[in-house]
Amino acid sequence: MEIADKLALNKFSVDTIPHLKIDQEKCHPCPHKNCTLVCPVSNYTQEGDRVVLSWEGCLECGTCRIACDQGSLQWQYPRGGFGIAYRLG
Ligand code: SF4
């Protein structure tokens, strides 16, 4: 089974309140934008000189929390009842 097939078995209950937030003032001068490289589901994309975040498909793995060395990411788990439900794992 391919990774994409396994990911498709997960269920998401998406909150309207993002559990991840970027402080753009701190993010803007970052020279490497690690978050765009490490997220396994590509939740971070670079648009011009700005990083855009989509939290809806977040796996809650915490990789971006470690990779961001600019202190620009506010990371927390989704509120109770929201987020990912792993079906194989
Ligand atoms: Fe991507 Fe993991 Fe960060 Fe979610 S916690 S945005 S899946 S790197």
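The shell around the ligand comprises 10 nonpolar, three polar and one charged residues. In this predicted model, 14 residues surround the ligand, and C39, C58, C61, G62 and C64 are the closest. One of these, C39, is buried, because its relative accessibility is 15%, under the 20% limit.

Some of the ligand's closest neighbours, including C39, C58 and C64, also turn up in the largest nonpolar core. This core has 12 residues in all: L20, C27, C35, C39, Y44, V51, L53, W55, C58, C64, L73 and W75. Two strands, β4 (50-53) and β5 (73-75), each contribute at least two residues to this core. Among the core residues, L20 offers a good view of the packing: beyond its neighbours within four places in sequence, L20 is in contact with Y44, L53, W55, C58, Q74, W75 and Q76.

With several cysteines in view, it is natural to look at their pairing. The structure contains zero disulfides. For C30, the closest cysteine sulfur belongs to C27 and lies 6.1 Å from the sulfur of C30, which is too far for a bond, because a disulfide requires sulfur atoms within 2.5 Å. C30 nevertheless counts as buried, at 10% relative accessibility.

A charged residue deserves a look as well. D15 sits in the loop that links β1 (11-13) and β2 (20-22). D15 is buried, since its relative accessible area is 6%. Apart from neighbours within four places in sequence, the contacts of D15 are with W55, R79 and F82. W55 is thus a handy landmark, being a contact of D15 as well as a contact of L20 and a member of the largest nonpolar core.

Terms used:
Residues numbered from 1 in each chain as written. Predicted model: local features only at pLDDT ≥ 70, side-chain atom pairs only at ≥ 80, totals over all residues. Heavy atoms only, no water. Near = heavy atom within 4 Å. Nonpolar A, V, L, I, M, F, W, Y, C, P; charged D, E, K, R; others polar. Core = buried A, V, L, I, M, F, W, Y, C linked by side-chain atoms within 4.5 Å. Buried < 20%, exposed > 50% of the residue type's maximum accessible area, 1.4 Å probe, protein only. Helix = DSSP H or I, 4+ residues; strand = E, 2+ residues; numbered from the N terminus. Contact = heavy atoms within 4.5 Å.
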